[in-house]
Amino acid sequence: MKIRKSILAFFFLAYTSVAYPSSAVGLATGPSLGIAGFYTTFKEKNLKISIDNLALQIGWFAQLDLWLLYAKLDGLFVLDWYRLPNTEDSNCFKYIQAPLTIGMPVFNIFRPHIGLIFRIPLGELYKNEKFKANKLIESYKKKINGYTLGIGIALGDFLIDIDFELGQSRLDKKSISSRLADRDRGYRPKQLALKIHYNLLG
């Protein structure tokens, strides 16, 4: 319900912020390069547990402008260096990610948008005994596993997106550590992403 209200509020604010209609149907497509990551610390009794990741995104995008709205689909190959709790080494996960967003041009420069994130894992991740019981990477198993909210900036043939990505489902903090004081409260994975697109049709 909260997500539905947020979507309605997003479109209302964008529309009342002077939407800039396109003159007609427009198409943009080209290569994409992005980087994403997060860092989170949880408090235990006398210790701290931290998790983090740094992901490189390489792919292609296609964007369709239609009057007051636009839709954009990214196809990205992602290398994700993810450090799990109580481990020193980062594990490299590989997956295909396809954010599908809908937005509205504002002053023909800013492009606020919302959307879904589709993800398909690659490799032998789930055959590895080390990861099978770890719920922190449960979202990697889901094809529809998140939401995104962000703003794009159009600079000539370059399109820059700054996105806040939110996991679809919450995890109990006790799945991270049973020693956490608020272990029954939920934690939803989240990260920031920066993507740069180059429009070959500009």
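The questions and answers below concern the strands, salt bridges and ring contacts of a predicted model.

User: How many helices and strands does the secondary structure of the protein chain come to?
Analyst: From the N terminus on, the elements run α-β-β-β-β-β-α-β-β-β-β-β. The secondary structure comes to 2 helices and 10 strands.

User: What share of the residues of the protein chain counts as buried?
Analyst: The accessible surface of the protein chain is about 11,600 Å², and 64% of that surface belongs to carbon and sulfur atoms. A residue counts as buried under 20% relative accessible area. Of the 202 residues, the buried share is 42%.

User: Among contacts between residues at least 6 apart in sequence, what percentage joins residues at least 24 apart?
Analyst: A contact here is a pair of heavy atoms within 4.5 Å. Among contacts in the protein chain between residues at least 6 apart, the portion joining residues at least 24 apart is 62%.

User: Which residues of strand E4 point to the face where side chains are buried?
Analyst: Strand E4 covers residues 91-103, and its side chains alternate between two faces. Cys-92, Lys-94, Ile-96, Ala-98, Leu-100 and Ile-102 point to one face and are not buried. The buried side chains, on the other face, are those of Asn-91, Phe-93, Tyr-95, Gln-97, Pro-99, Thr-101 and Gly-103.

User: In E4, which residue is the bridge partner of Trp-81?
Analyst: Strand E3, residues 69-83, pairs with E4 in the antiparallel sense over 11 bridges. Within E4, the partner of Trp-81 is Cys-92.

User: Which residue in E5 does Ile-96 stand opposite?
Analyst: E4 also runs antiparallel to strand E5, residues 110-122, and 10 bridges join the two. On the E4 side, Ile-96 is among the residues whose side chains are not buried. In E5, the residue opposite Ile-96 is Ile-120.

User: Which residue in the turn between E4 and E5 has a positive phi?
Analyst: E4 and E5 form a hairpin, with 6 residues between the two strands. In that turn, a positive phi of about 60 degrees belongs to Phe-107.

User: Why does the pair of Asp-161 and Lys-72 tie together parts that are apart in sequence?
Analyst: Asp-161 forms a salt bridge with Lys-72, with the closest N and O atoms 2.7 Å apart. Asp-161 lies in strand E7 (residues 158-167) and Lys-72 in strand E3, so the pair ties together parts whose separation in sequence is 89 residues.

User: Which residues do salt bridges that share partners join into one network?
Analyst: Lys-72 also forms a salt bridge with Asp-74, where the closest N and O atoms are 2.9 Å apart. Both Lys-72 and Asp-74 are buried, and Asp-161 is buried as well. Shared partners put three residues into one network: Lys-72, Asp-74 and Asp-161.

User: Are Lys-195 and Asp-163 buried or exposed?
Analyst: Lys-195 forms a salt bridge with Asp-163, the closest N and O atoms being 3.1 Å apart. This pair links distant parts of the chain, with Lys-195 in strand E10 (residues 190-198) and Asp-163 in strand E7, 32 residues apart. Both Lys-195 and Asp-163 are buried.

User: The charged end of which residue sits over the ring of Tyr-95?
Analyst: Tyr-95 belongs to strand E4 and points to its buried face. The charged end over the Tyr-95 ring is 4.3 Å from the ring centre and belongs to Arg-119.

User: What sits over the ring of Tyr-70?
Analyst: At 4.7 Å from the centre of the Tyr-70 ring is the charged end of Arg-111.

Definitions and conventions
Residues numbered from 1 in each chain as written. Predicted model: local features only at pLDDT ≥ 70, side-chain atom pairs only at ≥ 80, totals over all residues. Heavy atoms only, no water. Buried < 20%, exposed > 50% of the residue type's maximum accessible area, 1.4 Å probe, protein only. Helix = DSSP H or I, 4+ residues; strand = E, 2+ residues; numbered from the N terminus. Pairing = 2+ DSSP bridges. Salt bridge = Lys/Arg side-chain N within 4 Å of Asp/Glu carboxyl O. Areas by Shrake-Rupley, 256 points an atom, 1.4 Å probe, with all protein chains shown as cover. Lys NZ or Arg CZ within 6 Å of the ring centre and 35° of its normal.
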